[in-house]
Every structure is written in structure tokens, then in C-alpha cells.
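Good morning, and thank you for coming. I would like to take you through one model today, beginning with its interior spaces and ending with some details of its backbone.

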Amino acid sequence: SAMSANRRLQRLEAQLRESAPPSAFIKGVASNANTSLGLISILPEVQEALAQGKAVVALESTIISHGMPYPDNLRTAEEVESIVRANGAVPATIAILDGVIHVGLSPENLSKLARLGPAVRKTSRRDIAQVVAMKGNGATTVSGTMVVAHKVGIHVFVTGGIGGVHRGAETSMDISADLTELGRTPVCVVCAGVKSILDIGRTLEYLETQGVCVVALGTKEFPAFFTPRSGFPSPGTVASPQDAAAMMRSQISLQLSSGMVLAVPVPEKLAADGQVVEDAIQQALREAGERGIKGAETTPFLLQRINELTSGRSLKANIALIRHNAEIGSAVAVSLARSNIPRGWEPASSRSGQASSGRVVVVGACIMDSIA
């Protein structure tokens, strides 16, 4: 009967009201932290900065576990965090350890991650729930880092380079989840462009399809990771980190729900020789094909092989561009923090005691029991 259907709707509404808000799963952010289920743990330094509206910069962990060998990875991670602090922001390296998502790593956890290296699972959005449920260790990719950063209210994320459309994707369909994440998660990703092992032109086309704001810093040409020039024009240009922050603030204020790529060219004096790198890429791609290397293993193999073929020059350029990106990203975060981002657009996890406003009850096409 109609009365029975109304009672069912009332019960459904009551269940939704009683549901725990997302903040219940995050330690230290909400007032109900004591009842936290412990899915996300925020380092006290990061927690305090977020609570006070200070600049925080998210850092991924795949670059530590899969991007370079130990101890170069640990040394670089420590240096990048120090650069972020020196430029007025708080670093928040994101990783999953023993099934807990960490936003900010202690020195001990940072060392643990670096030593584990490739034994840690590369963790994209797709993999987060599985790694957490299995109480595993996960190094977050660009995609995975963006998801977590947005959930805790971090708007700026620094990395080396984003993933993209792989060369030969017209037959393999190998396209990084980073690109779709950028289309649906409002985080500014500061990088040295698309990794040059990828198809840069098709990646830029895909980002356009996803509605992602892409700008290069101080140049009209999109950078190519190891080198400052790719031969492809950048969709947009900004003159300073402050201009990039103003653009990101507009993205947030307009609630566009999409991310932003700030492509920062590696300084000319620190760049690798473009032709040497391209020759190494072509050889590494051939070897990857001969060995049948595919999927998530492709990028780590290519980067390692290119480093070997360039006698370490590509790794030096990689480390240099990450440091440079950390400086620029910190300046963006500091400027953004000073601009008083509208609180109405903060993730529900950062608003104490409030349920998510994103819950929707769809009424229609109900199955109703009736007695004639």
C-alpha cells in the first residue's frame, strides 16, 4: 500500500541520517577521532597545518618505491620534504603501510618505504580498497595520491611527472589512470610534464577530453620531463606560482571538480640531452616489448633502463626536476593558503561533525506490494 511504501522511505531516510560521516574514518581530523576506524592516519604536523589553514603539499610515494633505487630514493625523499619546509609549507608524503593510509610519514616510515622499494604495491585509485583491506603496503601513484589528498583537504600535490597515454596505445589501450583522476579530482598537480617515455601529444589530447586545466610555467611549450621542451604547445601559460594559485582558487571556487596540471620545465642547466634520452627511450621500449613487459611494470622498467643507457644522466635530471618542482609547488601552496579558499568547498572530512552533503536519495521506480 501507499502507507507501507511511505514507511519504507522513512526507514531509509533514518538509516541515512544515522550513517557515519566520512570523517569517522580519519584519525585526528574530526571531533570523533576517538571512534575512528583507523583507515587514514594523519601525521600530527600535517594535521595541525590543515586545522590552521596553513600550506600543505602532498607528495606521492611511488616515486620513492619504484622511481629510483635505494638509497637515492630515501635521500631524495628527505631532501624534497626539506625543500617544502624551507619554502613555507608542510610536506605530506602519502602511502599505505600495514593497511593504514598515512598522510605524512615519520622518518622511520619513510625509511621503511624506501628500503622495501619495488616490493611495495603501486597503488592507484583502483587498488586502494584492496591494499587497505588486505592490510598491505602500497605506494600511491599520482591517481592514488590525488584521491587521498582531496579527502583530507590538501589542494596542491608535487610529483616528478604524470602518467599518460603510452606509445602504441592505439593497439594496447594502455592509458594511465592519472588522466581520468585529473578529470574528476580538484587538486593542482605540479610536475615536469608528462613522462617522456609516453605519447605526449595524445596525452594532451586526452587531458583536454577530460576537461583538465593544463598550464606551463613561464613557457608556451609543454615540457617533456627530462628536458624542458617537447615540441608540443602548452594549452595555457602562467608567469608565476602565484598566478597558478589564483587559477586553482578559481577552479575550487567554481566547483569545477576537475584537477589542474602545472607543468614546470626542468632548468636548462640540469636537463638531460634530449636526443640521448630519446634514443635510450626507443631502445628501452624495444626491450620492453621483447620481454613482454606490460601494464604497471612498464614505467619502472623503462625509467631504470633509460638511466642505465644514459649512464645515470636521466636519474640526475629526474632528481633535479623533483627538487625544482618542490620549490614551485610550495610557492603555489603558500599563495593558495593565503587566499582563503571558500570553506564551502572543503571535503566533508575536514568539517567536524558534519555529514557529507553529497548523499542523495533517489525516489522512483519503486517496487510496491499491493493486495487487490
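Which element gives the most residues to the lining of the largest cavity? The answer is α4, with 5 residues. Before I build on that, please keep in mind that this is a predicted model.

Let me first give the overall picture. The protein has 372 residues, and buried residues make up 51% of them. Its secondary structure comes to 14 helices and 12 strands. If we take the contacts between residues at least 6 apart in sequence, 72% of them join residues at least 24 apart.

I return now to the cavity. The count is 1 cavity of 30 Å³ or more, and the space in the largest cavity is about 150 Å³. Its lining consists of 15 residues, and those nearest its centre are Glu 60, Ile 63, Ala 77, Val 80 and Ile 322. Two elements, α3 (62-65) and α4 (72-86), give two or more residues to this lining. By character, the lining of the largest cavity divides into 8 nonpolar, 5 polar and 2 charged residues.

The loop between α3 and α4 holds Pro 71. The peptide bond that joins Tyr 70 and Pro 71 is cis, with omega about 5°. As general background, most peptide bonds are trans.

Next, the largest pocket. About 770 Å³ of space lies in it. It is lined by 38 residues, of which Lys 122, Thr 141, Ser 176, Asp 178 and Ala 296 are the closest to its centre. At least two lining residues come from each of α3, β6 (121-123), α7 (142-152), α9 and α13 (298-309). What does α9 supply to this lining? It supplies the largest share, 4 residues. The lining of the largest pocket divides into 9 nonpolar, 18 polar and 11 charged residues.

One of the residues closest to the centre of that pocket, Asp 178, deserves a separate word. Asp 178 is found in helix α9, residues 177-182. Is Asp 178 buried or exposed? It counts as buried, because its relative accessibility is 6% and the cut-off for buried is under 20%. Beyond residues up to four places away in sequence, Asp 178 touches Thr 141, Val 142, Ser 143, Ile 162 and Gly 163.

A second acidic side chain may be set beside that one. Glu 287 lies in helix α12, residues 274-291, and is also buried, with a relative accessible area of 13%. Leaving out residues up to four places away in sequence, Glu 287 touches Phe 301 and Arg 305.

I turn to the nonpolar core. In soluble globular proteins, nonpolar side chains tend to be buried together. Here, the largest nonpolar core has 104 residues, and Val 103, Ile 162 and Leu 262 touch the most other members. The element that gives the most to this core is α14, with 11 residues. Which residues does Leu 262 contact, apart from neighbours within four places in sequence? They are Cys 188, Val 189, Val 190, Cys 191, Val 215, Leu 217, Val 238, Ala 244, Ile 328 and Val 332.

Helix α14 also permits a check on its geometry. It has 26 residues, 313-338, and at 1.5 Å a residue it should span 38 Å. The C-alpha atoms at its ends are 38 Å apart, so the expected span and the model agree.

Finally, some points on the backbone. Most residues other than glycine have a negative phi. Where, then, is phi positive? One place is Asn 340, which follows α14 and has a phi near 55°. Ser 311, in the loop between α13 and α14, likewise has a positive phi near 55°. Ser 311 is exposed, with a relative accessible area of 63%. Asp 98 is a further non-glycine residue with a positive phi, about 55°, and it lies in the loop between β4 (90-97) and β5 (100-103). At 48% relative accessibility, Asp 98 counts as partly exposed.

The last residue is Gly 231, in the loop between β10 (213-217) and β11 (237-238). Gly 231 is exposed, at 59% relative accessible area. Its C-alpha atom is 9.1 Å from that of Gly 201, and the two residues are 30 apart along the chain.

Thank you; I would be glad to take questions.

Conventions: Residues are numbered from 1 along each chain as its sequence is written. This is a predicted model: local features need pLDDT of at least 70, side-chain atom pairs count only at pLDDT 80 or more; totals for chains, interfaces and linings use all residues. Side-chain values use heavy atoms; hydrogens and water are left out. The expected span of a helix is 1.5 Å times one less than its number of residues. On a 1 Å grid over the protein atoms alone, a cavity is a set of points where a 1.4 Å probe fits but cannot get out, and a pocket is an open set with protein on both sides within 12 Å along at least five of seven lines; lining residues have an atom within 4 Å of a point. Grid points are joined across faces, edges and corners, and a volume is the space filled by probe spheres set on the points. Ala, Val, Leu, Ile, Met, Phe, Trp, Tyr, Cys and Pro count as nonpolar, Asp, Glu, Lys and Arg as charged, and the others, Gly among them, as polar. Buried means under 20% relative accessible area, exposed over 50%, partly exposed in between (1.4 Å probe, protein chains only). Contact means heavy atoms within 4.5 Å. A nonpolar core is a set of buried Ala, Val, Leu, Ile, Met, Phe, Trp, Tyr and Cys residues joined through side-chain atoms within 4.5 Å.
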